[in-house]
Structures are given as structure tokens and as C-alpha cells.
Amino acid sequence: LVPRLRGFGSNIFAEMSALATAEGAINLGQGFPDTDGPAEVLEAAVDAIHEGHNQYPPVRGIPVLREAIATHQRNRYGLTWDLETEIVVTAGANEAMTATILATCESGDEVLLIEPAFDSYWVAIAMAGAKPVAVPLTGPDQRVDVERLAASVTDRTRLIIVNSPHNPSGRVFDADELEGIATIARERDLLVVTDEVYEHLTFDDAVHLPIATLPGMRERTISISSAGKTFSVTGWKIGWACAPAPLVQAVQTVKQFMTFVNGAPFQYAIARGLLLPPERFEQIRADLQRGRDLLVPGLQAAGLQVLPSQGTYFVTADISPLGETDGHEFCRSLPRRCGVAAVPSQVFYADPYPRPLVRFAVCKQPEVLAEAADRLAGLN
Ligand code: GLN
């Protein structure tokens, strides 16, 4: 392995899932649902296979999916994208993000990101030979530090990665934070790449605002999302990027030599899913919120301090009230101690020194979360 990729060998999700299996624990580590998504979406995939949609789809994705993505973006956010030139389908949001970074960053360029940041971003930046410059969320409310972000821009800065709703914190960045980031991007002529895979999964009164909707941002933003989280089909790996034509062309240039194309029948199924009526999306959102509300009392009864989660599959808890300081140590022992697995938030930082924050997934069936809450309550 080349030196710049050493250190990325172990994967926290694999480590904690293996531990959960070995200990027979409820796995609230890796974020994946334990039920499959809407029946009509699942059936649409089966139909597509039987209808013979099993060969290479177009590199940009099948036209009906690009059309559904465009319709969804227009109806939900008022963003319009040209079907032929401004949308590319990818193997999950992950490929869209990696292809974007490889397509836009030269060796030595800097990429600004907000810490904690999802693990694959760091690896994609390293693959490009670029340098991550991380600005942590600050304060008890885990907000974007816009001033520090602005002060971190240099002549080598090329991209800002904006992931909202944010994994692992569960923050949904508000208009002030996003406007602050947008101002930096406009003033310093930077590209923004987003990860909006939890766009539909927001809680209470939190509202997801795509940064591409802000003035002057559509032309400099690569907006990435995917279907896996929304429709509980994380194994299907259907994602997409929407951006002005030259940026989509750049992303596609890399994408076509990574996976070329992917998931032909699933693309048909997701086209169906994206056109489901708004009340179905609301139902998916509300179900997940109920999951959060089932787990949080268990964490609190165990003596953990739960940070507010405004969206995503996750809640974060501070373990310091238990006298614990190292989230990784805590997560290594948790399956044995109480039969629940989680992941330490410190793995989402450039410097993974011990931190007392632990991430729990809430995307599980109510009875599973209720059982997990019971088990956790027995921790102290
Ligand atoms: N996105 C999911 C999570 O954060 C799964 C990531 C993975 O397994 N690579 O848990």
C-alpha cells in the first residue's frame, strides 16, 4: 500500500459489527436499517430484472432515473437540472464524492471539511494526494465555526465538503451556517461538494436546505445524494451528483473508470421511489424520529448525556458522566457489558485521540430499539 493510504486499513464499522456478532449484541454501530424499504420500490427492482434491464445502463444513468432525480430536486427544492448534462448516477454517494475529489483536486490542493467528518472523505482526499484541512464543529450545539472556516482558506484551497444532515453529529446545518459557508465559497471562488444522503431524514422542526439553493451557489456546487438511506436499501448503492455541465462531465470522467456503471435494475426502482408522494417521505421521516425517541431515554437512563439529534440515522452521546473518557475503549467493551454495539465518534476526526463521544444508530425496528434501550439502562 502506498504510504499516503497507510493508516486507512482498518474500518470502524467492520470492527464494531464483528464484535456485535461475536457477542450477540444489538448492532447500533454501522448505520443500516433492519427492515427493507417501501414495497413498491422493492417490487420495481424485481420487475426491472424480469423485464430484462440487466445489462450495462448508460454511464450517466438510465434516463428515467435522471428524470426522477430532476423532478424530485425541482419539486422539493426548486432546483432545476438539465437531464442530459447536469446529472450523473453513481455507485452510491460514496463514489460521487470520491470521483468529485479526484476530478477537481490536484496533488497538494487543500480540501476544507467540517469535523467530525465521515471516514471516506479523508481517504478520497488522500487518494487525490490532496490535503484535508479540518475545522471542528464547536460548542454544546455543535455548530459550524464559519470564522475559523474562513481563516482556513489558503491559495491552495479548492473544495469545501458540506455534509448536512451531518453524520455522525446528527446536526442539520441552519441557514446562517450555510450562508456563512456560501459566502466563503463565493468570496474565495471555491467549489462546494455536498453529501445530502440524509436529506429526507430530519427530526422535529429541522429543515434540510441544500446549499446549491443559496444565491450564486448553484454554479459552484456539486450536490450529491443517494437512495440507500431514504428507502432503506443501503446495499443497492444508487447515488447521484447534480452540478453544472462541466462539473458533471469532470465527475463522470473519473466515475466511468472506477465502476463504469452500476445497478441497472435498482436504477429503475429508485426512479419509482423518488416519485412517491410527499406523504410517503414524511412517513419514513416520522418512523425514524420515533426510533430516535425510543432509544434516547435508554441512553439517558444509562447515565449518558445525549446530544440533540436533528436528523440522520444517528444520535451522539457523551459518556463522560459515566467517568469514561475514551469512546473507542467504551465501544470495545459495550457489547460484552450490555449487549449493544455502537461506534466511537473519534474515528471521524483527523486526529483520533480519545474523545468521550459515541454514536448510536436509530434506524432499527421499534422492538429492537426498545430492547436496546432496556439493555443500556442496565449499564450502571
Ligand atoms: N454510512 C454508514 C455509517 O455511517 C455506513 C458506513 C460504512 O459502513 N462504510 O454507519
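**Entry 1: two helices**

I started with a crossing: helix α3 meets helix α9 in a left-handed sense. A reminder to myself that this is a predicted model. I noted α3 as residues 63–77 and α9 as residues 264–274. Their axes lie 8 Å apart, at an angle of about 25°. Angles under 35 degrees count as roughly parallel, so α3 is roughly parallel to α9.

Next I looked up who makes the contact. From α3 I listed V64, L65, A68, I69 and H72, and from α9 came Q267, Y268, I270, A271 and L274. Sorted by class, this contact has eight nonpolar residues, two polar ones and no charged ones.

**Entry 2: from α3 to the sheet**

I then followed α3 to its other neighbours. It lies across β2 and β8, and it runs at about 110° to β2.

Those strands belong to an open sheet of seven, which I read in the order β2-β8-β7-β6-β5-β3-β4, with mixed pairing. Which strands stand at the edges? I found β2 (87–91) and β4 (131–136) there; each has a single partner strand, so one side of each has no neighbour in the sheet. From one strand to the next, the twist averages 25°.

For β2, I checked the pairing with β8 (residues 238–242): it is antiparallel, over five bridges. Within that pair, I saw T90 opposite G239 of β8.

**Entry 3: the ligand**

Last, I turned to the ligand. Which residues surround it? I wrote down F13, Q30, G31 and N167. By class, this shell has one nonpolar residue, three polar ones and no charged ones.

Definitions and conventions: Residues numbered from 1 in each chain as written. Predicted model: local features only at pLDDT ≥ 70, side-chain atom pairs only at ≥ 80, totals over all residues. Pairing = 2+ DSSP bridges. Helix = DSSP H or I, 4+ residues; strand = E, 2+ residues; numbered from the N terminus. Axes fitted to C-alpha atoms, helices over the stretch in contact; angles between N-to-C directions. Contact = placed C-beta atoms within 7 Å. Near = placed C-beta within 6 Å. Nonpolar A, V, L, I, M, F, W, Y, C, P; charged D, E, K, R; others polar. Parallel < 35°, antiparallel > 145°, perpendicular 65-115°, else oblique. Left-handed = near helix turned anticlockwise from the far one by under 90°.
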